[in-house]
Amino acid sequence: MESASGPPALTAPMSADPDNSLPRVRLPLVKPADEIVPPGRMRVLFGCLGWPSGVLEVASWAKREKLAEPIIVQVRPGNPVDERFVQRLVEFDPHLVGFRLEGGQFDEIERLVRTVRRHSDAEIMLGGPTATSHPFDVLEESGADYVIIGEAEKSFNQFLRLAWQHNSKDRQPEIPGLAYRYGGRAYLNTLPQDGYGRTVLDAERLVCCNRLRCLRCKIRPAVEVELIAANRLEWSFLEHFDQQFDSLYFTGGRGCPGACTFCARLHGNEARAKTAEQLLDEILAADRRVSDGTIKVTRWPLFEHTADPELKEKQVAWAAIYDEDFFLHRRRAIEFFGLWNDSPLKDRYRLSLQTNPASMLAAGGHVHEELLGWIDRLKPMVQLGAESFNPELLRRWHKRHSLAQLETVLRELDGTRQDYTAFQLLSDFDTTPEELVETLRRLILGAHKHRRMRIASSPFTIPLYDSDARKLLEFGGRIPDGQAVHFTDYERPQPGWMDPLAAELADLADAQLQFALNPPHRDAALYRAFEVVLERVRRKGSGTLIDRAERAMEEIKESRFQTVFP
């Protein structure tokens, strides 16, 4: 489930603070828990197909307000019947069972809903990114009783409180972000983030009855920064988490002020970040669960591609902080690095952080000196939302950074003598074969200049959720008949909504670029990616396209064998 309403009151816009420091947090956010305790507590079982992203935040807040006794049980994907999950379901006898639904998981969730129906009288609630994107479809096709949209902490707790009231079903229209059935019909209390360009009043004019007049919130729920700061994760809820994870994962904050056309915007434009102390405490608490065997992680020599001889052989696990832009709040990041440096965690984990290149730059256009110093000392895996070396795509995608800014950041990161990652998108729905060839050429030449850069590539942008790309497709009449007949069609890697040859070339290149994330295989993967594209262009392309691709290959060959200093 995603973690619920109203804009955060204390988050200043980026321009208000040139150093991007965090706002002060005023606590407490809500009335003392003793004043809001219902007649009893709901037994809630959350099932997780992987890491308990979002679920742990929602369950912890419900427990904090004394509204639920939650447990979080890992479910083994692919099993027709997970007997261990069924046994715990029967033993715990929950009032409510919840699952988080992400892309590609719908068949698994349908199976789990049927399993719960066979072995329990519990009601079923779904949340998460896909549920937020397609609440009506998910509600009607999954067999669940409820779908909760957006960040769920407050909405979920309101649901739990009302469950103890007389005629509680009649009060469900009060809960922002809830989709439910009533009288044989499905209802939704919240429109998409911007209503796809419509207001609540516009929506009312489209129907013949008053069923939409119960809307309490015209945007999907998002919690205040005070609630995020007040919540504390209860790792003791986890049961049967014996899957070996590649990483520990943590949510450092929610929301981003960017306007990227392909972004799902699940958490809105208001950035709300956890404090440095809170984030470190969460990692320490999770590490204790690793020590006692509740959580299992794999350890590798993750520093092996850094220049620090003391780190190269150290066996560590990843501690990945998922924040749309970790360095957006620069003071918080620097404070966190200081705490991490004084913590024993640095001997057991390597940090992984996501950011936009522009957030690393100081007023003079260079990388912030103190920030760069900490990166050099701690050697975190900095994952840059670079997206492309093609300036036309950066412009079209409304990225916050320019190509010149990206190059500045890459040069400075090279100076820290460590590996880092650049996310790359090869295409969008307007990409032509000629542009795909040019984008791939620029990517390869850029990589040759930055030998320590790992590449995380995707062929193109799937039209997710409330993204501008999705709206342009749906309301621009660009989806051919029969191409999107089911909500899961939006999760296909190449749904046929772009130039067929461009789509084919993007797929061919990406099949090779998946190996560019591994430094020893990177350059070979880059070369092979262009090689397979050139082969296909020679068979299917026009004379002009063939000529362009062949000239690009000659340039790539020349660059490949030049002496480049890391």
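The largest cavity in this predicted model is lined by Gly253, Arg254, Gly255, Ala271, Arg272, Ala273, Asp323, Glu324, Asp325, Leu328, His329 and Arg332. Two elements give two or more residues each to this lining, namely strand 11 (253–254) and strand 12 (272–273). Sorted by character, the lining holds six charged residues, three polar ones and three nonpolar ones. The enclosed volume comes to about 50 Å³. Rolling a probe the size of a water molecule over the atoms is what reveals where empty space remains.

Around this cavity stands a protein chain with 18 helices and 18 strands. Of its 566 residues, 58% are buried. The chain exposes about 23,600 Å² of surface, and 50% of that area is supplied by carbon and sulfur atoms.

Strand 1 offers a good place to look at the buried part of the chain. Val44 sits in this strand, which covers residues 42–48. Val44 counts as buried because its relative accessibility is 0%, under the 20% cut-off. Setting aside residues up to four places away in sequence, Val44 touches Ala68, Glu69, Pro70 and Ile71, and also Phe92, Leu96, Phe156 and Leu160. The C-alpha atom of Val44 lies 9.0 Å from that of Ala122, although 78 residues separate the two along the chain.

A second buried position is found in helix 1, which spans residues 55–64 and includes Ser60. With a relative accessibility of 2%, Ser60 falls under the 20% limit and therefore counts as buried. Beyond its neighbours up to four places away in sequence, Ser60 is in touch with Asn231, Arg232, Leu233, Glu234 and Phe237.

The cysteines can be considered next. The count of disulfides is zero. For Cys263, the nearest cysteine sulfur belongs to Cys260 and is 6.2 Å away, so this residue is in no disulfide, a bond that would require sulfur atoms within 2.5 Å. Cys263 counts as partly exposed, because its relative accessibility of 29% lies between the 20% and 50% limits. Cys48, by comparison, is buried, with a relative accessibility of 4%.

Further along the chain, helix 15 (468–475) and the loop after it can be described together. The buried residues of helix 15 are Ala469, Arg470, Lys471 and Leu473, and these pack against helix 4 (129–133). After helix 15 comes Gly477, which has a positive phi, near 65°. Ile479 lies in the loop that runs between helix 15 and helix 16 (500–513). Where does Ile479 make its contacts, leaving aside neighbours within four places in sequence? Its partners are Leu473, Glu474, Ala484, Tyr490 and Trp497. One of these, Leu473, is also among the buried residues of helix 15. The C-alpha atoms of Ile479 and Met498 are 9.3 Å apart, with these positions 19 residues apart along the chain.

Terms used. Residues are numbered from 1 along each chain as its sequence is written. This is a predicted model: local features need pLDDT of at least 70, side-chain atom pairs count only at pLDDT 80 or more; totals for chains, interfaces and linings use all residues. Side-chain values use heavy atoms; hydrogens and water are left out. On a 1 Å grid over the protein atoms alone, a cavity is a set of points where a 1.4 Å probe fits but cannot get out, and a pocket is an open set with protein on both sides within 12 Å along at least five of seven lines; lining residues have an atom within 4 Å of a point. Grid points are joined across faces, edges and corners, and a volume is the space filled by probe spheres set on the points. Helices (H or I, at least four residues) and strands (E, at least two) are DSSP runs, numbered from the N terminus. Ala, Val, Leu, Ile, Met, Phe, Trp, Tyr, Cys and Pro count as nonpolar, Asp, Glu, Lys and Arg as charged, and the others, Gly among them, as polar. Buried means under 20% relative accessible area, exposed over 50%, partly exposed in between (1.4 Å probe, protein chains only). Accessible areas come from the Shrake-Rupley method with a 1.4 Å probe; for residues, only the protein chains shown count as cover. Contact means heavy atoms within 4.5 Å.
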